[in-house]
Amino acid sequence: DLIGMNKSPMMLLMAGTMWSFLAVGYRPLKSKMGAIHLHEELNRGLQEVGSVVLFLLPAMGVVESIDHFDGFALVTALIKKVMAGRD
């Protein structure tokens, strides 16, 4: 980190700005078709983000459960053994 800035808030701000520009571009207050297209675009975006979140949350839960019960100890030991054999 050269700047020392947390990237998550910056990316959320940029994403909100981009969605705002998209919404203004469709002119939903002046055009019925613009409002319909904006609604379709927002639905598509929400579906894509929702599918990623619904995939990642259970996956993170599985990894967290494996880590809680020290399930990665075998893998870590195997990696250390292989790396020690290379030296």
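Helix α2 holds both R44 and E41, which sit three residues apart, about one turn of the helix. In this predicted model, the side chains of R44 and E41 meet in a salt bridge, with an N to O distance of 3.3 Å. A search of the whole structure finds one salt bridge. The points below cover that pair, the packing of α1 against α2, a nonpolar surface patch, two loop residues with positive phi, and P9.

**The salt bridge and its residues**

- R44 has a relative accessible area of 44%, and R44 is therefore classed as partly exposed, since that class lies between the 20% and 50% limits.
- E41 is likewise partly exposed, because its relative accessible area is 21% and buried means under 20%.
- Leaving aside residues up to four places away in sequence, E41 touches W19, L22 and Y26.
- E41 and A23 are 18 residues apart in sequence, and their C-alpha atoms are 9.3 Å apart in space.

**Packing of α1 and α2**

- Two packed helices are described by the angle between their axes and by the distance between those axes.
- For α1 and α2, the angle is about 155 degrees and the axes are 8 Å apart.
- The two helices are therefore roughly antiparallel, because angles over 145 degrees count as such.
- On the α1 side, the contact is made by W19, L22, A23 and Y26.
- On the α2 side, the contributors are G34, H37, L38, E41, L42 and G45.
- E41 thus belongs both to this contact and to the salt bridge with R44.

**Nonpolar surface patch**

- A nonpolar patch of about 770 Å² lies on the surface, made by V62, V63, I66, F72, V75, L78, I79, V82 and M83.
- The elements that supply two or more residues to the patch are α2 (32–68) and α3 (73–86).
- The largest share comes from α3, which gives five residues.
- F72, one of the patch residues, is located in the loop between α2 and α3.
- F72 is partly exposed, with a relative accessible area of 34%; F72 can therefore count towards a patch, as patch residues need over 30%.

**Loop residues with positive phi**

- Most residues other than glycine have a negative phi.
- R27 has a phi near 50 degrees, a positive value in a residue other than glycine.
- R27 is placed in the loop between α1 and α2.
- With a relative accessible area of 52%, R27 is exposed, because the exposed class begins over 50%.
- D70 has a phi near 60 degrees, also positive in a residue other than glycine.
- The loop between α2 and α3 contains D70, and this loop is also where F72 lies.
- D70 counts as exposed at 55% relative accessibility.

**P9 in helix α1**

- P9 is part of helix α1, which spans residues 7–26.
- P9 counts as partly exposed, with a relative accessibility of 47%.
- P9 and E48 are 39 residues apart along the chain, and 20 Å separates their C-alpha atoms.

Note on methods: Residues are numbered from 1 along each chain as its sequence is written. This is a predicted model: local features need pLDDT of at least 70, side-chain atom pairs count only at pLDDT 80 or more; totals for chains, interfaces and linings use all residues. Side-chain values use heavy atoms; hydrogens and water are left out. Patches are made of residues with over 30% relative accessible area and no salt bridge: like charges are joined within 9 Å, nonpolar side chains (Val, Leu, Ile, Met, Phe, Trp, Tyr) within 5 Å. Accessible areas come from the Shrake-Rupley method with a 1.4 Å probe; for residues, only the protein chains shown count as cover. A salt bridge is a side-chain nitrogen of Lys or Arg within 4 Å of a carboxyl oxygen of Asp or Glu. Helices (H or I, at least four residues) and strands (E, at least two) are DSSP runs, numbered from the N terminus. Buried means under 20% relative accessible area, exposed over 50%, partly exposed in between (1.4 Å probe, protein chains only). Axes are lines fitted to C-alpha atoms, for helices over the stretch in contact, and angles run from 0 to 180 degrees between N-to-C directions. Angles under 35 degrees count as roughly parallel, over 145 as roughly antiparallel, 65 to 115 as roughly perpendicular and the rest as oblique. Contact means heavy atoms within 4.5 Å.
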